[in-house]
Amino acid sequence: DASVDGIQGPRGYDEFNQARKASNFGWPYFIGNNYAYPDWDFETNKPKLDSKFDPAAPINDSPNNTGLKNLPPAVPAFIWYPYGISTMDFPSLGAGGRTAMAGPVYYSDLYPKETRYPSYYDGKFFFNEWMRGYIKAVTMKANGDYDRMEPFMPNTKFHAAIDIEVGPDGRFYVLEYGSGWFSKNEDAGLSRIDYKK
């Protein structure tokens, strides 16, 4: 994590990936949208000249490698973002600390009519950001590709939400760690989120 793009490679990113089939998701040669790291020379402690790894044909020439040398092409991340504002890719994610936490994909027909969310949320992928305190709903195209993103409960600040699960009633249950590290956080808790019409 170089903080900024530079000689050591791209800055750090958090990312979500889609495992549609067995794939190479890039790390440690690529991150985010297949941003390449250089092939590092550990004897000189410098990158080899013109040595960025090729996402179409990555090569693992480590002396410690006991597996494949010619790796499958790298698949770029589904969603990726740095500490800074992701202005071109996903601007609604803002800036700040980054701790991507994947949640569920919602399907209303699996749950009782009395307590489920509306069909508007069907097929949307939900994720929360531990450090930034929000939940987002992602709409995907018919083939599963990214389409758009929107805030979920945008006026609510979550306190380090660590998990989102759908209960048998079709409601979200959000587990919050709380705002302090390694302490008895009074704002920690488990919340049920009801949809109000």
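**Exercise 1. The largest core**

Which residues of the largest nonpolar core touch the most other members? Name the strands that supply this core, too.

*Solution.* Note that the model is predicted.

Step 1. The largest nonpolar core holds 16 residues. Those that touch the most other members are Ile79, Leu93, Phe125, Phe127, Val138 and Met149.

Step 2. Turn to the elements. Strands E6 (79–81), E8 (125–129) and E9 (134–140) each give two or more residues to this core. The largest share, 3 residues, comes from E6.

Step 3. Look for another core. A second, separate one has 15 residues, including Tyr117, Phe126, Ile164 and Ile193.

Step 4. Add the general rule. In soluble globular proteins, nonpolar side chains tend to be buried together.

**Exercise 2. The surroundings of Phe125**

List the residues in contact with Phe125, leaving aside its neighbours within four places in sequence.

*Solution.*

Step 1. Start with the lower numbers: Phe125 is in contact with Phe16, Phe78, Ile79, Ala102, Gly103, Pro104 and Val105, among others.

Step 2. Go on to the higher numbers: Lys136, Ala137, Val138 and Met140 are also in contact with Phe125.

Step 3. Link back to the core. Ile79 and Val138, both in contact with Phe125, are among the core residues that touch the most other members.

**Exercise 3. Two pockets**

Describe the largest and the second largest pocket by volume and lining.

*Solution.*

Step 1. Take the volumes. The largest pocket has about 580 Å³. The second largest has about 190 Å³.

Step 2. Line the largest pocket. Of its 20 lining residues, Pro38, Asp39, Trp40, Phe42 and Phe53 are the closest to its centre. Strand E4 (residues 38–41) provides the largest share of the lining, 4 residues.

Step 3. Sort that lining by class: 11 nonpolar, 3 polar and 6 charged residues.

Step 4. Line the second largest pocket. Among its lining residues are Gln18, Arg20, Lys21, Phe25, Asn33, Pro76, Phe78 and Trp80. The classes here are 6 nonpolar, 3 polar and 2 charged.

Step 5. Spot a shared name. Phe78 lines the second largest pocket and is in contact with Phe125.

**Exercise 4. Leu175**

Is Leu175 buried, partly exposed or exposed, and why? Place this residue in the structure as well.

*Solution.*

Step 1. Leu175 sits in strand E12 (residues 172–176).

Step 2. Its relative accessibility is 39%. Buried means under 20%, exposed over 50%. Leu175 therefore counts as partly exposed.

Step 3. Beyond four places in sequence, Leu175 is in contact with Ala160, Ala161, Ile162, Asp163, Gly189 and Leu190.

Step 4. From Tyr29, Leu175 is 146 residues apart in sequence and 33 Å apart in space, C-alpha to C-alpha.

Note on methods
Residues numbered from 1 in each chain as written. Predicted model: local features only at pLDDT ≥ 70, side-chain atom pairs only at ≥ 80, totals over all residues. Heavy atoms only, no water. Core = buried A, V, L, I, M, F, W, Y, C linked by side-chain atoms within 4.5 Å. Buried < 20%, exposed > 50% of the residue type's maximum accessible area, 1.4 Å probe, protein only. Contact = heavy atoms within 4.5 Å. 1 Å grid on protein atoms, 1.4 Å probe; cavity = no way out; pocket = protein on both sides within 12 Å on 5 of 7 lines; lining within 4 Å. Points joined across faces, edges and corners; volume = space filled by probe spheres on them. Nonpolar A, V, L, I, M, F, W, Y, C, P; charged D, E, K, R; others polar.
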